[in-house]
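Open the model in your viewer and keep the sequence panel visible. The stops below can be selected one after another.

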Amino acid sequence: MELPVINTNAPSEVYEDPLDLMDEIEVLKKERDASILAHFYVDGDLQDIADFTGDSLKLARDATQVKTSTIVFCGVHFMGESAKILSPEKRVLMPDLHAGCSLAESCPADRLAAYQAELRAKGHDFQTVAYINTTAAVKSLCDWIVTSGNAREIIDRVPADKQILFVPDQHLGRYLSSVTGRPMILWPGSCMVHEVFSVQDLLRAKRNHPGSLVMAHPECPANILEVSDIIGGTEKMRKYVASVTEPKTFLVATEANMIHPLKKLAPQHEYIPVPGIMTSTGETCACNRCPHMALNTLQKVRDCLKYSRPEIVWQPYFSQAQDVLKRSLLQ
Ligand code: CIZ
């Protein structure tokens, strides 16, 4: 069969009814023996058709438990890689292989290896702790992998006599250093979504909604975290809103699609996305969307099931990344 050329960068020209696409996906899933895993930051329609939703920690663990031979991973590239590394016998497809991550891009493996060598040459005795938002090549150079869901637990496992080099998110690293009391050498990376929240607009929104609570992701800079009531990754946010029965207003400082699972789980509350500053103009907007996550669409899920591609293919350095991922996420 001649495969069509798929331009994954081009938006689909032809409008297709989302309900028809969902029906097609349901049929193809059975034909291809596939399960769909979707991160909380992808579009709500995709979360609704997924067999598993979650943060990267839960989804990495789910990938090891799925019964089907194929996984379609709706998320970004490093998440698909982690699923393949932890479940090498499965075929892992992604709707769009161009769905990257600004954090992962900020820390290329060759630059990290050079920096580690420089630190060692200067006499530093350290372990490298990487946020999961890194490429598999970077993971293969690290001692531990953390997610926003397991970071404190993992940092406690770093021997007390070792220094910590934390990559690539400086804001998460600074926050973790403050809550664990462990000094860290920080890589200067940041997430393009979480670093643009406007503290002025957040304070204005707080004044306009008396009694509201600010919930922020620890990838946000310190000036946002300082005025937040709840700091945590997406699973912690879910647990928190579910634990509050009385209706509340939450100002949410993370990717705006996160409001979908929060509303589904705890519909008694109101959720307001915290505005971001558009770096091009300096104006504020209420649209903190990750452009990489947005590359996941119903059409592309249908197409990747139909043509069994694009696929995450095993790379030689995955073996070393597998050791560190298993030790950090599964044990
Ligand atoms: O760990 C993840 O999945 C990310 C990127 C955010 C979160 O807190 O869930």
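**Whole chain**

Begin with everything shown as a cartoon, and keep in mind that this is a predicted model. The protein has 15 helices and 15 strands. Its radius of gyration is 20 Å, close to the 20 Å that the globule rule gives for 331 residues, so the protein is as compact as a globular protein of that length. Along the principal axes, the C-alpha atoms fill a box of roughly 60 × 50 × 40 Å.

**Colour by domain**

Give one colour to residues 18-100 plus 293-314, which are domain 1 in the domain assignment. Use a second colour for 104-190, domain 2, and a third for 194-285, domain 3. Domain 1 is thus assigned as two segments of the sequence.

**Where domain 1 meets domain 2**

The C-alpha centres of domain 1 and domain 2 are 28 Å apart. Eight residues from domain 1 and 11 residues from domain 2 make up the contact. On the domain 1 side, select helix H3 (56-63) and helix H4 (77-86), each of which supplies at least two residues to the face touching domain 2. Which of the helices gives the most to that side of domain 1? It is H4, with four residues. By class, the domain 1 side of this contact holds three nonpolar, three polar and two charged residues.

**The sheet E6-E5-E7-E8**

Now select 126-131, which is strand E5, and 163-167, which is strand E7. Add strand E6 (144-146) and strand E8 (184-186). These four strands form an open sheet in the order E6-E5-E7-E8, with parallel pairing. E6 and E8 stand at the edges with a single partner strand each, so one side of each has no neighbour in the sheet. From one strand to the next, the twist averages 30°.

Step across the sheet by its bridges:

- E5 and E6 pair in the parallel sense over three bridges; Ala-130 has Ile-145 as its bridge partner in E6.
- E5 and E7 run parallel and are joined by five bridges; Ala-130 has Val-167 as its bridge partner in E7.
- E7 and E8 run parallel and are joined by three bridges; the partner of Ile-164 in E8 is Met-184.

**The sheet E10-E9-E11-E12**

Move on to another open sheet of four strands, ordered E10-E9-E11-E12 and paired in parallel. Strand E10 (230-231) and strand E12 (270-273) are at the edges, each with a single partner strand, so one side of each is left without a neighbour in the sheet. Select strand E9 (213-216) and strand E11 (249-253), which pair in the parallel sense over four bridges. Leu-213 stands opposite Phe-250 in E11. Then add helix H10 (199-208), which lies across E9, E11 and E12 and runs at about 175° to E11.

**The ligand**

Finish at the ligand. Which residues surround the ligand? Select Asp-55, Ser-56, Ile-132, Asn-133, Thr-147, Ser-148, His-217, Gly-233 and Thr-234. By class, this shell divides into one nonpolar, seven polar and one charged residue. Why does the ligand lie between domain 2 and domain 3? Domain 2 (104-190) and domain 3 (194-285) both give residues to the shell, so the ligand lies between them.

Notes:
Residues numbered from 1 in each chain as written. Predicted model: local features only at pLDDT ≥ 70, side-chain atom pairs only at ≥ 80, totals over all residues. Pairing = 2+ DSSP bridges. Axes fitted to C-alpha atoms, helices over the stretch in contact; angles between N-to-C directions. Near = placed C-beta within 6 Å. Nonpolar A, V, L, I, M, F, W, Y, C, P; charged D, E, K, R; others polar. Domains from an automatic or database assignment. Contact = placed C-beta atoms within 7 Å. Rg over C-alpha atoms; globule rule 2.2 N^0.38 Å.
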